[in-house]
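Here is my note on the model you sent round. Please read the points alongside the sequence and coordinates.

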Amino acid sequence: MKRRAFLTSAGVGVAASTLAAPAIAQTNPEIKWRCASSFPKSLDTIYGGAEFVAKRVAELTDGKFQIRVFAGGEIVPALQVLDAVKDNTIECGHTVSYYYVGKDPTFAFDSAMPFGLNARQQNAWMRHGGGLELMREFFAGYNIVQFSAGNTGTQMGGWFRKEIKTVEDLKGLKFRIGGYAGTIMSKLGVVPQQIGGGDIYPALEKGTIDGAEWVGPYDDEKLGFNKVAKYYYYPGWWEGGPQVSFLTNKAQYEALPKQYKIALETACAEATLDMIAKYDVQNMNALKSLVASGTQLRPYPNEVMQACYQAAIETYEAEAAKNEKFKKVYDQWRKFREDEYLWFRVAEYSFDRFVYAAPPLASKK
């Protein structure tokens with residue numbers, strides 16, 4: 001008798017749980033967002049970061065929360081994504097925040113500061129070093145809630161038709177460069193040009209610009225820069241670990257159900273890991289291909305690096321003296337950078353320095 005009662009009550013529990021699942025699912029609304037990317041579809045890894053977020057969000061919400069991604073220029077110009085999200089013209093965007101340093105140089109901290117953090121350090125600062133809180137406070141002034149949603153790792157230093165041997169060689173160069181680095185390089189005589197990814201090749205081909213930087217070997221080969229410029233420099237000291245961000249309109253984000261907010265945050269975090277991993281695999285093969293086709297790899301001369309570093313410090317100090325928002329982030333970021341460098345020198349750098357100089361591992365025959 002007791003056994004029959006137990007089975008009966010257990011059956012009721014199973015039936016209730018079976019009915020409850022769809023009932024709970026039905027409480028979540030169907031939401032459709034449009035996402036404007038700053039990147040062309042041809043750059044499948046960096047543009048693909050937004051598609052990755054959209055796919056994961058849909059999977060995590062049983063298809064109830066849909067995000068449709070548009071390439072740069074389809075519904076919003078590539079370099080106007082932030083304004084479109086701020087004004088609620090679109091619900092969200094996928095971009096690099098340093099594109100908007102013309103509004104306020106503080107935006108650069110959300111992506112990459114010249115001679116700043118590498119990808120791991122940027123991630124540490126954003127997730128556990130106080131960076132996210134500082135940047136969320138700053139972006140709130142633009143009606144935006146932002147998320148880390150990608151990182152390319154350290155980038156290359158650009159393509160030139162002629163060699164860069166001294167600081168003098170920089171003077172008068174029209175160089176396509178994004179973010180705060182343009183301000184710094186202008187102190188050394190460079191004429192910086194802010195151009196969207198899809199428009200760089202024709203500008204370089206026609207001679208409208210003398211040089212250009214984008215990301216790294218994989219994307220640069222796709223864009224064909226090696227066909228119109230011979231010399232490929234490294235490192236991209238202005239982008240040690242540039243973060244790609246997913247921007248959401250504040251009102252639209254706050255209206256999301258809690259489950260959808262969690263899904264979006266999770267998807268963006270996964271997108272960051274996925275993008276770094278893809279570039280690390282793709283760049284090694286693309287670099288071999290470029291060199292085989294005649295590309296001349298060149299390190300920036302130490303004289304040039306030192307001059308740029310000094311110009312960066314002077315630029316930061318001058319901005320901090322006149323911009324309270326910049327200073328608030330800079331003071332905290334600078335302290336984090338100093339401490340993080342101490343730690344990386346001990347383990348990471350000593351390991352890298354040895355193994356990269358060591359002979360290849362011998363294979364048994």
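The points below go from the whole chain to helix pairs and then to single residues.

1. Ground rules. This is a predicted model, with local features needing pLDDT of at least 70 and side-chain atom pairs counted only at pLDDT 80 or more, while totals for chains, interfaces and linings use all residues. Residues are numbered from 1 along each chain as its sequence is written, and side-chain values use heavy atoms, leaving out hydrogens and water.

2. The chain. It has twelve helices and eleven strands. These are DSSP runs numbered from the N terminus: helices are H or I with at least four residues, strands are E with at least two. The C-alpha trace spans about 95 × 65 × 40 Å along its principal axes. Of the 365 residues, 49% count as buried (buried is under 20% relative accessible area, exposed over 50%, partly exposed in between, with a 1.4 Å probe and protein chains only). Contacts (heavy atoms within 4.5 Å) were also sorted by sequence separation. Among those between residues at least 6 apart, 77% join residues at least 24 apart.

3. Helices α4 and α12. Two packed helices are described by the angle between their axes and the distance between the axes. Here α4 (residues 119-128) and α12 (residues 324-357) have axes that come within 11 Å and cross at roughly 130°. Axes are lines fitted to C-alpha atoms, for helices over the stretch in contact, and angles run from 0 to 180 degrees between N-to-C directions. The pair is therefore oblique (under 35 degrees is roughly parallel, over 145 roughly antiparallel, 65 to 115 roughly perpendicular, and the rest oblique). The crossing of α4 and α12 is right-handed, as the near helix is turned clockwise from the far one by less than a right angle; anticlockwise would be left-handed. On the α4 side the contact uses R120, Q121, A124 and W125. On the α12 side, the residues include W333, F336, Y341 and F344. By class, this contact has seven nonpolar, two polar and three charged residues. Nonpolar covers Ala, Val, Leu, Ile, Met, Phe, Trp, Tyr, Cys and Pro; charged covers Asp, Glu, Lys and Arg; the others, Gly among them, are polar.

4. Helices α2 and α10. Helix α2 (residues 44-60) packs on α10 at an angle of about 145°, with the axes 8 Å apart. This crossing is right-handed too. Its contact has twelve nonpolar, five polar and five charged residues.

5. T272. This residue lies in helix α10, residues 258-292. It counts as buried because its relative accessibility is 11%. What does T272 touch beyond four places in sequence? The partners are S148, A149, G150 and N151. A polar atom of the T272 side chain lies 3.4 Å from the backbone oxygen of S148.

6. F147. It is found in strand β4. At a relative accessible area of 5%, F147 is buried. Beyond four places in sequence, F147 touches nine residues' worth of listed partners, including R136, F246, Y253, L264 and C268. Its C-alpha atom is 9.6 Å from that of H94, 53 residues away along the chain.

7. E213. A charged side chain in a loop: buried or exposed? E213 is buried, because its relative accessibility is 1%. The loop runs between β8 (211-212) and α8 (217-223). The E213 side chain makes a polar contact with the R176 side chain at 2.7 Å. A polar contact is a pair of N or O atoms within 3.5 Å; within protein, one must be able to donate a hydrogen and the other to accept it, and residues adjacent in sequence count only if both atoms are side-chain atoms. The backbone nitrogen of G178 lies 3.1 Å from a polar atom of the same E213 side chain. Among the residues E213 touches are Q155, F175, I200 and W238.

8. F175. It sits in strand β6, residues 174-176. F175 is buried at 1% relative accessible area.

9. Backbone checks. The peptide bond from Y234 to P235 is cis, with omega near -5°. P235 lies in the loop between β9 (231-234) and β10 (243-249). N88 is not a glycine, yet has a positive phi of about 65°. N143 also has a positive phi, near 60°. N88 is partly exposed at 37% relative accessibility, and N143 is partly exposed at 39%.
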